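Got the viewer open? Here's a short walk through the model, one selection at a time.

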Amino acid sequence: MISLSHLALALSALGGVFAAPTADPDAPDFVIGPHNLARRQDYNQNYKTGGNVNFSPSSNGYSVTFSGAGDFVVGKGWKTGSERNITFDGSTSRSSGTVLVSVYGWTKNPLVEYYVQEYTSDNKGSAQGTKVGTIESDGSTYDVWKHTQNNQPSIVGTATFTQYISNRRDPRPGSGTVTIKNHFDGWKKLGLNLGTHDYQVLATEGWGSAGGNSKYTLTTS
């Protein structure tokens, strides 16, 4: 006869085999979309200022189709930015206007808005201001730009802040990985310092009667 204690141990071991998988501790937990409009009102990257934008976030990514879009931004990512490697699987296509895909985020103290632009339909995207150097990363050269926004809406309200933009020279509208630490380190060497991280997302933006679509899933390492 099998003792109850032996049976309990066997059942416990079997339960361990079939235990639910551990949740990803770095799963995406933040969305830029309609609910962010108030904090970004009247800024260059509003959620939507005209046209048609159909945005569908998922647990680990998003899809969006758009036409005649005056200005919009949508995306999926994390409430707190970090040096995580961000892998995006999917693609973007553009039929009109200006469209860009970037790792996009903010820091506080100093207040900085940053972009690592992976795809730009016009080879520029949000790049403006002064070109301050280059960064080699993920199989390409990125031109680095610095620009000051004076008295513009931000994540803390109307403020003056700095933009750092890494713009990939050979745009990739498909899948890839952004080694964000390379950009953070490269910016620091160029005197472009970051503060305490706020959100960090993969974002699709468009303006100028933009038309097209994006669909991505995200993983990190």
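**First stop: threonine 98**

Select threonine 98, which sits in strand β4 (residues 85-108). Keep in mind as you look around that this is a predicted model. Is threonine 98 buried or exposed? Its relative accessibility is 13%, and the cut-off for buried is under 20%, so threonine 98 counts as buried. Now show what surrounds threonine 98: leaving aside residues up to four places away in sequence, it touches Ser121, Asp122, Glu205, Gly206, Trp207 and Ala210.

**Zoom out**

Switch to cartoon for the whole protein. You'll find two helices and ten strands. Trace the chain along the sequence and the pattern reads α-β-β-β-β-β-β-β-β-β-α-β. Of the 221 residues, 46% count as buried. Turn on a surface and you have about 10,300 Å² exposed, with carbon and sulfur atoms supplying 52% of it. As for contacts between residues at least 6 apart in sequence, 71% join residues at least 24 apart.

**The β2-β3 hairpin**

Next, pick residues 52-58 and 61-78: these are strands β2 and β3, running antiparallel and joined by seven bridges. The connection is a hairpin, going from β2 to β3 through two residues. Highlight proline 57 and look across to β3, where tyrosine 62 stands opposite.

**Aromatic rings**

Time to show the aromatic side chains. How many aromatic pairs are there? The count comes to twelve. Start with tyrosine 104 and tyrosine 115, a tilted pair at 4.9 Å centre to centre, with 45 degrees between the planes. This pair links distant parts of the chain: tyrosine 104 belongs to strand β4 and tyrosine 115 to strand β5 (residues 112-120), eleven residues apart. Tyrosine 104 has a relative accessible area of 0%, so it is buried. Tyrosine 115 counts as buried too, because its relative accessibility is 0%.

Step over to tyrosine 114 and add phenylalanine 184. Here the pair is edge-to-face, 5.6 Å centre to centre and 85 degrees between the planes. Again, distant parts of the chain are linked: tyrosine 114 is in strand β5, while phenylalanine 184 is in helix α2 (residues 180-189), 70 residues apart. Both tyrosine 114 and phenylalanine 184 are buried.

**Last stop**

Finish by selecting Phe30, Tyr104, Tyr115 and Tyr199 together. Which grouping do you have on screen? These four residues form one aromatic cluster, and the tilted tyrosine 104–tyrosine 115 pair you looked at earlier belongs to it.

Methods: Residues numbered from 1 in each chain as written. Predicted model: local features only at pLDDT ≥ 70, side-chain atom pairs only at ≥ 80, totals over all residues. Heavy atoms only, no water. Helix = DSSP H or I, 4+ residues; strand = E, 2+ residues; numbered from the N terminus. Buried < 20%, exposed > 50% of the residue type's maximum accessible area, 1.4 Å probe, protein only. Contact = heavy atoms within 4.5 Å. Areas by Shrake-Rupley, 256 points an atom, 1.4 Å probe, with all protein chains shown as cover. Pairing = 2+ DSSP bridges. Phe/Tyr/Trp six-rings, centres within 6.5 Å; stacked < 30°, edge-to-face > 60°.
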